[in-house]
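Thanks for coming. I have one structure to go through today, so let me put it on the screen.

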Amino acid sequence: MHANIMTAEELQIRPARPEDKAAVVEFTKNIWEGEDYLPKVWDAWLADPRGRLYVGEVAGTPVATGRVVLLSPNQAWLEGLRVDPDYQGRGYARAMHDFTVSAALEIPGVERVGLATSWENEAVHHMSLASGMHRVGDFHYTVAPAAANETPAPDVFGPEDFAAVRALVAASECARLAQGHMANGWRFPVLTDALLAQLLSEGQVVGYDRAGQPVVLALLGQNKERADVWVGFLAGSDHAAIRDLGWALRRRAVGLPDARARAMLPATLSGYAALAEAGFGDHEDGEFHVYVFERER
């Protein structure tokens with residue numbers, strides 16, 4: 001631990017540079033028990049034209065990071081907030097958070113900025129609220145191992161189904177509880193018509209129909225480059241259809257590198273009961289929720 005306590009005013013925040021990576025790798029090596037993903041995505045984040053990656057330095061040494069990325073032309077997302085453990089407790093996380101919120105809102109066209117964090121990370125909850133954000137959702141993370149089964153294969157909906165799919169999505173309990181967002185991996189974009197059209201064009205909307213109309217739908221987000229099956233939105237109220245879809249998604253995960261189906265859905269969503277019957281349950285480390293905070297311009 002450093003002997004001299006420094007104040008947040010001494011943190012100099014600037015755009016990240018390639019040569020910062022070594023310092024970032026060093027100070028994140030023990031975060032999340034050595035499982036921090038930041039070193040793995042650093043190069044891609046630095047090169048991504050949709051995002052702005054920042055470091056905070058003290059006396060020329062990077063000790064903090066933060067990123068702003070556009071999920072759509074009017075929605076910015078904050079991620080990658082880290083502080084060197086040797087420099088924690090000095091206000092640097094709040095300084096980086098406040099800086100990235102301001103940076104996001106300065107981007108032309110951005111109308112909202114959000115972030116996701118663990119339900120147990122009270123420090124981030126407090127700084128989010130203090131920066132003018134409000135909580136828009138509590139999402140429960142559940143997992144099911146891949147499993148072969150005889151459940152009927154779900155329909156894959158395409159662009160021609162846009163109107164029917166949009167109607168079911170808009171009227172869904174999930175849309176209300178998630179305040180219009182979906183979980184696309186660990187980011188939570190607003191489920192706009194443009195995003196829905198993209199998911200339909202990519203074959204990432206699956207479910208069952210009845211008399212030519214969808215009765216249950218899962219929107220599949222992207223996590224780990226789709227090495228698993230990721231359910232980021234669930235529309236429909238037919239219990240048996242949701243249960244069957246859960247089983248079908250477990251079969252879809254067979255042969256994938258991660259060999260699991262995951263769901264990140266509003267914690268009080270009634271459809272979770274049917275997914276539980278299909279074998280979806282808490283992660284091996286126990287119950288886990290994600291809180292999503294957002295601020296509108």
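I will start with the whole chain, then move to one helix, one strand residue and two loop residues.

This is a predicted model. The secondary structure comes to nine helices and 13 strands. Along its principal axes, the C-alpha trace spans about 70 × 40 × 30 Å. For 297 residues, a compact globule would have a radius of gyration near 19 Å, and the chain has 20 Å, which agrees. Of the 297 residues, 49% are buried.

On contacts, I count pairs of residues at least 6 apart in sequence, and 72% of those contacts join residues at least 24 apart. The exposed area is about 13800 Å², with carbon and sulfur atoms supplying 51% of it. As for charge, there are 27 positive and 40 negative side chains, and the centres of the two sets lie 2 Å apart.

Now the helix. Which residues of α2, residues 38-47, are buried? They are L38, W42 and W45. Seen down the axis of α2, these buried residues fall within an arc of 90 degrees, so they line one face of the helix. The general background is that an α-helix has 3.6 residues a turn, so residues three or four places apart point the same way. On the face of α2 turned away from the buried side sit the exposed residues K40, A44 and A47. The cover over the buried residues of α2 includes helix α1, residues 21-28. It also includes the strands β2 (51-58), β3 (61-72) and β4 (75-83).

Next, a strand residue. T117 lies in β5, which runs over residues 112-118. Is T117 buried or exposed? Its relative accessibility is 10%, and buried means under 20%, so T117 counts as buried. Leaving aside residues up to four places away in sequence, T117 touches V124, H125, H289, V290, Y291 and F293.

Last, the backbone. Most residues other than glycine have a negative phi. A59 has a positive one, near 55 degrees. A59 is found in the loop between β2 and β3. With 81% relative accessibility, and exposed meaning over 50%, A59 counts as exposed.

Where is A211 found? It is in the loop between β8 (205-210) and β9 (213-220). A211 is not a glycine either, yet its phi is positive, at about 55 degrees. At 81% relative accessibility, A211 counts as exposed.

That is what I had for today.

Technical notes:
Residues are numbered from 1 along each chain as its sequence is written. This is a predicted model: local features need pLDDT of at least 70, side-chain atom pairs count only at pLDDT 80 or more; totals for chains, interfaces and linings use all residues. Side-chain values use heavy atoms; hydrogens and water are left out. Helices (H or I, at least four residues) and strands (E, at least two) are DSSP runs, numbered from the N terminus. The radius of gyration is taken over C-alpha atoms; the globule rule is 2.2 Å times the number of residues to the power 0.38. Buried means under 20% relative accessible area, exposed over 50%, partly exposed in between (1.4 Å probe, protein chains only). Contact means heavy atoms within 4.5 Å. Accessible areas come from the Shrake-Rupley method with a 1.4 Å probe; for residues, only the protein chains shown count as cover. Lys and Arg count as positive and Asp and Glu as negative; His and the chain ends are not counted. The place of a charge is taken as NZ of Lys, CZ of Arg, CG of Asp or CD of Glu. The arc is that of the directions from the helix axis to the C-beta atoms.
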